[in-house]
Amino acid sequence: MNKPNEVKNILVKLREAYHNQLDTRDLEELDQLIEQFKRLEISDERLLPEDIITKALLVIDVIVRAVTNVVSLIDTFR
């Protein structure tokens, strides 16, 4: 399995699991990023461009923060 495919699969799984916790802008950015990884996958490029890797990490950070905030809020009302 190549690297673009692995990263794309992680992003797709995160989107499926947490789309309800993300706002529209974050979902659009995530969708665009997934499309970029699909294009890289088709080109069979093994080395990922640094800007796409950085963007993927930033999107993952947004998702983790959103989920953490939701969990913290739920814990507050328990």
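## Gln36 on helix H2

In this predicted model, Gln36 counts as partly exposed because its relative accessibility is 23%, and the buried class applies only under 20%. The residue belongs to helix H2.

Which residues does Gln36 touch once neighbours within four places in sequence are set aside? Its partners are Ile52 and Lys55. For a sense of distance along the fold, take Ala66: it sits 30 residues from Gln36 in the chain, and the two C-alpha atoms are separated by 23 Å.

## How H2 meets H3

Let's step back to the helices themselves. The axes of H2 (residues 24-43) and H3 (residues 50-76) come within 10 Å and cross at roughly 145 degrees. The crossing is left-handed. On the H2 side, the contact is made by Asp26, Glu29, Leu30, Gln32, Leu33, Gln36, Phe37 and Leu40; H3 contributes Ile52, Lys55, Ala56, Val59, Val62 and Ile63. By residue type, this contact divides into nine nonpolar, two polar and three charged residues.

Leu33 is one of the H2 residues in that contact. Leaving aside neighbours within four places in sequence, Leu33 is in contact with Ile52, Lys55, Ala56 and Val59, and also with Leu11.

## The nonpolar core

Where do the core residues come from? Helix H1 (3-18), H2 and H3 are the elements that each give two or more residues to the largest nonpolar core. This core has 16 residues. Those with the most contacts inside it are Leu11, Leu22, Leu30, Leu33, Phe37 and Ile63. Of these, Leu30, Leu33, Phe37 and Ile63 also take part in the contact of H2 with H3.

Conventions:
Residues numbered from 1 in each chain as written. Predicted model: local features only at pLDDT ≥ 70, side-chain atom pairs only at ≥ 80, totals over all residues. Heavy atoms only, no water. Axes fitted to C-alpha atoms, helices over the stretch in contact; angles between N-to-C directions. Helix = DSSP H or I, 4+ residues; strand = E, 2+ residues; numbered from the N terminus. Left-handed = near helix turned anticlockwise from the far one by under 90°. Contact = heavy atoms within 4.5 Å. Nonpolar A, V, L, I, M, F, W, Y, C, P; charged D, E, K, R; others polar. Buried < 20%, exposed > 50% of the residue type's maximum accessible area, 1.4 Å probe, protein only. Core = buried A, V, L, I, M, F, W, Y, C linked by side-chain atoms within 4.5 Å.
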